[in-house]
Amino acid sequence: MMARLFDSRRGWARPVGGVAIIAAALLIPYLRHTHSFTLTLYDGIAAMIVVVIGLNIAMGLAGQFLLGIVAVFAVAGYATAWMVAHHPGMANIFVMCIVGAAAGAVAGLVIGLPALRVGEFYLALVSLFASIVVPSVAGEWSTLGGTGGLILITLNPSLKGMSLYGTFIGIILLCSLFAWAVKRSTVGRRFATLAASEQLAAGLGISGYRTKLLGSVLGSLVAGVAGAMYVYSQLYFGPTSGGFGGGANLATLLLAALVIGGTGTIAGPVIGGVLILGLNQNLNGFKDWTGVVFGGLLVIFSVFVPQGVTSELQRVADRLGISWSPPGRARRSGSSVAAPPADAVGPAAVGASGPAAVGGSGPAVVGGSGPAVVAERAALEVVGVSRAFGGVQAVDQVDLEVRPGTIHGLIGSNGSGKTTLLNLICGYYRVDSGQIRMGDARLDGRPPHVVSRLGVARTFQTPKLVLGATVLENVMPAAERELSVSGPESVFRLPRGVRAARESGQRAMAALDRLGLGPFAHQQAGELPHGTRRLVEVARAIAMEPRFFLVDEPAAGLSPTESDQLVAALVAIAAGGVGVLLIEHNVPLVLAIADRVTVMHQGKRLFEGTPEELKADQQVAGAFLGIDIAEAVG
Amino acid sequence: MTVFITALVAGLAVGSVYGLIGISYSIVYSSSGIFNVAQGNLLAVGILVAYYALDEWKIPQVLALLLIVAVVVALSLAEELLAVRPIVARGSGGITWFISTLGFGLVVSTIAENIYGSKAVMAIPSAFGESPIRIGGVAIAPKFVASLGLLMIIGFGLEAFYRRSQIGTVMRAVAEDRDVAALRGIRVVRIGQLAFVMAGVITGLAAFVIAPIVSSDISLGLLYGLKGFIALAVGGFGSMRGAALGGLLLGVGEQMLDTYWSSNYEIVAGMGLILLVLAIRPQGLFNTLRLREV
């Protein structure tokens with residue numbers, strides 16, 4: 001297991017290869033031109049590539065369409081230009097980059113705070129509007145030079161010509177490295193979780209709003225550096241700075257660079273930036289029609305190549321047998337990978353190792369590593385909870401108690417309110433009346449990410465996974481929750497961050513192994529069949545080391561082998577002191593493993609007792625479950 | 001007082017167009033789950049056609065109207081086919097359609113601007129003449145009234161259409177749940193196309209009434225598109241009345257800033273309004289129906 005976790009050393013080949021490509025792309029002007037005017041153009045392009053890297057952090061990693069990145073760039077550009085116009089002594093690239101980054105981060109925060117309260121394209125459109133408003137309002141201020149902008153030709157910066165260009169290449173590499181460090185950190189994993197599903201993120205204890213805001217701010221920080229670079233190299237900043245007429249057109253151009261390069265990849269912004277911004281520079285003879293080219297490219301890429309050039313290059317490289325990425329991640333699509341490779345992890349292999357592993361090491365692990373679970377013996381109590389949707393009383397005065405270390409089965413026909421009850425407990429819906437308690441702590445009225453942090457884990461009826469990430473990366477955010485490592489510690493690979501990453505990797509791996517999923521750890525979640533995805537969800541919940549685990553129809557769509565594994569895992573989890581609430585249509589399965597059973601019907605609790613009592617209660621069993629329980633159980 | 005009323009009337013007229021674009025968004029969004037960012041660019045194309053039909057070729061107003069609507073609808077259908085349907089069909093999450101429709105809008109706008117060339121902005125004659133209507137000593141050009149009138153007709157007409165007609169009910173069903181509607185035998189692709197046609201007709205009509213007001217300024221496409229979005233966001237998604245009122249609010253706000261402060265800061269009105277709404281009532285001022293959990 002350890003070997004499997006740490007031989008991700010081979011992952012180094014990729015960043016190194018990426019850096020080499022980036023450096024090569026950026027060294028082109030060294031070979032072609034040395035004319036100072038041309039170099040200044042290249043410096044400008046370099047600055048805009050950094051904006052694309054910032055856009056990628058917000059959009060590609062955190063899933064936030066921050067087209068207001070142009071507004072951020074403008075704020076940072078004006079701030080640094082204004083600063084050096086008044087204090088020429090501060091015209092130092094390092095100082096300016098710091099100031100630009102700070103100004104950019106503040107601008108990103110100001111745009112993000114209101115816009116992120118609503119979702120997705122809302123941010124895209126509002127912030128695109130900001131990209132038009134900020135430069136045009138700045139163009140009205142005489143302090144900022146009006147429409148003419150701030151002209152700084154009297155400055156005499158110490159870096160010029162090739163040394164400046166070289167510095168800019170260095171900054172691009174640093175910013176790419178930063179993006180890479182963010183992506184492969186606890187922050188990046190939270191971003192990926194959030195980008196995949198807000199409900200999932202909340203279920204893992206991640207605050208959606210704060211995480212989105214962090215995405216905007218980190219992206220804006222980098223775009224702010226670009227503002228400073230632009231000012232330093234062009235000795236000017238005005239409303240149309242950045243090229244393509246500024247404003248919304250510039251935002252579209254930068255978006256094109258990112259989409260074409262490859263959203264969410266590290267090399268993508270640079271490759272796309274060089275291609276698109278370079279193309280823009282060379283389309284002078286075709287100037288008026290440039291928009292057609294870029295608009296057309298946006299349509300073509302989003303329809304045919306949504307992953308961008310970088311991913312396509314990778315696919316080609318894979319096909320040619322050039323493997324510079326971990327094997328599980330190499331193949332991204334195609335029907336051939338829909339089923340796991342038979343040699344590595346056939347059902348037989350899973351069946352053999354899975355339950356044994358669960359039965360053997362499972363309870364010991366949970367019991368040993370979760371002192372909080374053992375110490376805290378409070379039950380999860382639902383008292384008189386009701387919730388109506390419109391005129392439908394979905395949940396009506398329901399009581400329920402899940403004790404630690406037991407499995408509580410919740411059964412009932414479709415629409416009887418089981419999942420609604422689960423959503424009420426987890427905070428996805430608000431209760432109309434009643435209380436939900438865990439010991440002294442009230443759960444009702446709290447947002448889902450807080451409920452999750454208090455120790456309530458859940459699975460979803462339709463498995464929610466980050467499909468583009470590996471199985472291990474899917475489970476790690478759950479394991480990281482308890483480690484309370486700060487973002488900077490993780491991003492900048494400080495000792496505590498490194499330790500936390502290693503530990504969460506081990507915990508995640510242990511959780512996977514308990515379900516026999518170890519062999520899948522480095523495979524992409526999107527390649528897994530449905531049943532395996534469900535088991536990954538269970539592993540993820542185990543990794544959270546919850547006090548209570550609410551499972552929504554986990555056995556649906558599982559093969560008999562997988563179902564056995566699941567049962568063994570649930571029993572082991574409960575044996576470790578966790579209270580399990582099991583919603584399941586497979587009544588025999590529930591009656592076989594549950595300590596107590598609640599039957600719901602039309603939003604009301606119809607029965608509560610042990611499985612034996614339920615079997616004895618022929619009225620409930622026959623009339624409302626529609627089965628002969630005695631026969632079903634045998 | 002006269003200044004105020006003039007600003008108010010101009011605001012209502014321009015705001016009506018924002019409202020109409022907001023309504024166009026809403027129609028497409030509810031049936032396809034996508035937001036056609038190119039809507040404003042399509043309006044710009046309509047203005048371009050209006051210029052050629054009325055200034056260059058001097059064809060009768062009725063024919064010009066038909067031509068504008070035909071061109072905008074044709075482009076809408078092309079957009080649906082090229083930039084929207086493949087993405088909706090792929091069913092991938094995220095908002096890739098945002099990128100493709102933004103790109104389509106840029107293509108359309110660039111072509112329109114190149115066709116128009118570097119000519120100065122020209123006045124375009126209104127179908128309703130120039131003789132002002134006098135209301136209490138204030139002269140109001142009929143073109144302003146026409147714009148507001150169109151918004152009223154479209155707004156109430158659509159509400160009736162969605163509520164009363166069979167096809168309107170079908171469209172609401174698709175908006176409610178696309179998959180279930182498809183299972184019920186509704187051809188959701190056809191409904192999506194129909195939505196683009198309807199949005200195209202409305203945008204074409206909007207171009208016809210706005211052209212005499214803004215003259216042949218075809219560079220304002222994306223900006224009008226974004227303001228239409230603000231109208232919708234301020235009013236609230238899924239509400240025709242909301243989009244209309246949001247548009248009027250924005251238009252009047254802009255004209256007031258223009259009149260009492262400076263035309264340079266007109267654009268701030270939209271930003272201020274959207275930030276205010278997001279701060280106090282993110283679901284929109286007049287939201288009645290939630291199309292989708294955000």
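This report walks through some sheets, loops, charged pairs and cysteines of a two-chain model.

Before we start, some ground rules: the model is predicted, so local features are kept at pLDDT of at least 70 and side-chain atom pairs only at pLDDT 80 or more, while totals for chains, interfaces and linings use all residues. Residues are numbered from 1 along each chain as its sequence is written, chains are lettered from A and ligands numbered from 1 in the order in which they are written, and side-chain values use heavy atoms, with hydrogens and water left out.

## Sheets in chain A

A quick word on vocabulary. Helices (H or I, at least four residues) and strands (E, at least two) are DSSP runs, numbered from the N terminus. Two strands pair if DSSP finds at least two bridges between them. In general, strands of a sheet pair through backbone hydrogen bonds, and they can do this in a parallel or an antiparallel way.

Let's take an open sheet of 4 strands in chain A: its order is β4-β3-β6-β7, and the pairing is antiparallel. The edges belong to β4 (392–402) and β7 (441–442) of chain A; each has a single partner strand, so one side of each is left without a neighbour in the sheet. Strand β3 (residues 380–389) of chain A pairs with β4(A) over 7 bridges in the antiparallel sense. One place to look is A:Ala388, whose bridge partner in β4(A) is A:Gln393. Strand β3 of chain A also holds A:Ser386, which is buried at a relative accessible area of 6% (buried means under 20%, exposed over 50%, partly exposed in between, with a 1.4 Å probe and protein chains only). From the C-alpha atom of A:Ser386 to that of A:Asp399 the separation is 9.6 Å, with the two residues 13 apart along the chain.

Another open sheet in chain A has 6 strands in the order β8-β9-β10-β5-β11-β12, and its pairing is mixed. Here β8 (456–458) and β12 of chain A are at the edges, each with a single partner strand, so one side of each has no neighbour in the sheet. Inside this sheet, strand β5 (residues 407–412) of chain A runs parallel to strand β10 (residues 579–583) of chain A, and 4 bridges join them. You can spot A:Ile407 opposite A:Val580 in β10(A).

## Two unusual loop residues

Most residues other than glycine have a negative phi. Now look at A:Leu235, which is not a glycine but has a positive phi of about 50°. A:Leu235 is in the loop between α10 (208–234) and β2 (236–237) of chain A. A:Gln602 also has a positive phi, near 45°, and is found in the loop between β11 (596–601) and β12 (604–609) of chain A. Buried or exposed? A:Leu235 is buried, at 17% relative accessible area, whereas A:Gln602 is exposed, at 59%.

## Charged pairs

Side chains of opposite charge can pair when their charged atoms come close. Across all chains, the structure has 16 salt bridges (a side-chain nitrogen of Lys or Arg within 4 Å of a carboxyl oxygen of Asp or Glu). Here are some of them:

| Pair | Closest N to O |
|---|---|
| A:Arg442 and A:Asp444 | 2.9 Å |
| B:Arg85 and B:Glu80 | 2.8 Å |
| B:Glu254 and B:Lys227 | 2.9 Å |

B:Glu254 lies in helix α10 (residues 240–260) of chain B and B:Lys227 in helix α9 (residues 221–235) of chain B, so their pair ties together parts that are 27 residues apart in sequence. Both B:Glu254 and B:Lys227 are buried. As for the other pairs, A:Arg442 is partly exposed at 36%, while A:Asp444 is buried at 14%. B:Arg85 is partly exposed at 25%, and B:Glu80 is buried at 5%.

## Cysteines, and a buried helix

How many disulfides does the structure hold over all chains? The count is 0 (a disulfide is a pair of cysteine sulfur atoms within 2.5 Å). For A:Cys97, the nearest cysteine sulfur is that of A:Cys175, 7.9 Å away. A:Cys97 is buried at 12%, and A:Cys175 is buried at 9%.

Finally, try helix α21 (residues 471–480) of chain A: 10 of its 10 residues are buried, so this helix is largely enclosed by the rest of the structure. Among them are A:Val471, A:Met476 and A:Glu480.
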